[in-house]
Amino acid sequence: MADETARDLADWLLQEHARLPKRRYGSRRYVATDVIAFVGEVAARLYRGDLPETSWVRTTRFRTTTDLHSGYRMQPADELLSELQGRLAVARGGTDLAPGATTMIMRTEHAGFRTTRNGGYDFQEVDMFLDQVIETLSQGQRPGAVPTFTRSRRGYATRDVDAFAEELRAYGSADPDYMSGP
């Protein structure tokens with residue numbers, strides 16, 4: 001990759017970081033110094049022409065705070081990380097992902113469902129489906145229809161999995177022929 005492209009990516013990152021909303025009170029926020037240090041490290045590497053691994057960005061975690069000090073709102077910061085991950089993947093020669101794909105990949109990787117002992121969706125089927133969604137999105141494609149999962153005595157709470165399936169359908173709703181299913 002040419003240094004100029006890496007510099008462009010660094011410039012973009014710094015501009016987007018400057019737009020991240022901060023909060024002083026209220027809900028949980030990311031510790032500002034953690035976010036600033038991460039963005040600074042990535043920008044410095046990019047200015048040197050070094051493209052960080054997307055897996056490093058994907059696994060980055062920031063401390064959270066609820067104290068009186070200001071911090072970054074979590075959702076916009078997560079979206080910035082997701083967009084950075086997608087841009088780095090493309091810059092490293094990967095497939096150009098569909099808009100929002102990196103956000104949906106991260107959402108799928110971090111999907112957490114409650115479990116139940118009174119009839120839920122089969123753990124293995126749901127986990128295999130999530131792995132397929134990640135793989136398909138990572139290849140620049142849209143995932144297929146959400147399958148009908150087998151119910152088992154112990155499993156993931158159906159309400160949680162169904163809510164995620166609706167979110168996935170909404171992601172694909174830009175294409176009317178995309179993701180019909182239960």
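This passage describes the helices α4, α5, α6 and α7 and one loop residue in a predicted model.

The predicted protein contains 7 helices and 8 strands, and buried residues account for 41% of its 182 residues. Of the contacts between residues at least 6 apart in sequence, 79% join residues that are at least 24 apart.

Helix α6, which runs over residues 123-138 and thus comprises 16 residues, reaches 23 Å from its first C-alpha to its last, a value close to the 22 Å expected at 1.5 Å a residue. At the start of this helix, a side-chain oxygen of Asp122 comes to within 3.2 Å of the backbone nitrogen of Gln124, while just after the helix Gly140 adopts a positive phi of about 80°. The buried residues of α6 are Val126, Phe129, Leu130, Val133, Ile134, Thr136 and Leu137, and the elements against which the buried residues of this helix pack are α5 (101-109), β6 (120-121), β8 (155-156) and α7 (158-171).

Helix α7 has 14 residues, which at 1.5 Å a residue should span 20 Å, and its end C-alpha atoms are indeed 20 Å apart, in agreement with that expectation. In α7, the residues Thr158, Asp160, Val161, Phe164, Ala165, Leu168, Arg169 and Tyr171 are buried; the buried residues of α7 pack against α6 as well as against α5, β6, β7 and β8.

The loop between α6 and β7 (151-152) holds Val146. With a relative accessible area of 5%, Val146 falls under the 20% cut-off and is therefore buried. In sequence, Val146 is separated from Asp162 by 16 residues, and in space the two lie 9.6 Å apart, C-alpha to C-alpha.

Helix α5, against which buried residues of both α6 and α7 pack, is also in contact with helix α4. Helix α4, which covers residues 74-91, packs with α5 at an angle of about 115°, the axes of the two helices being 8 Å apart. Because of this angle, α4 is roughly perpendicular to α5, and the crossing in which α4 passes α5 is right-handed. On the side of α4, the residues that take part in this contact are Asp78, Leu81, Ser82, Glu83, Gln85 and Gly86, and these meet Thr102, Thr103 and Met106 in α5.

Definitions and conventions: Residues numbered from 1 in each chain as written. Predicted model: local features only at pLDDT ≥ 70, side-chain atom pairs only at ≥ 80, totals over all residues. Heavy atoms only, no water. Helix = DSSP H or I, 4+ residues; strand = E, 2+ residues; numbered from the N terminus. Expected span 1.5 Å × (residues − 1). Buried < 20%, exposed > 50% of the residue type's maximum accessible area, 1.4 Å probe, protein only. Contact = heavy atoms within 4.5 Å. Polar contact = N/O pair within 3.5 Å; in protein donor to acceptor, adjacent residues only side chain to side chain. Axes fitted to C-alpha atoms, helices over the stretch in contact; angles between N-to-C directions. Parallel < 35°, antiparallel > 145°, perpendicular 65-115°, else oblique. Left-handed = near helix turned anticlockwise from the far one by under 90°.
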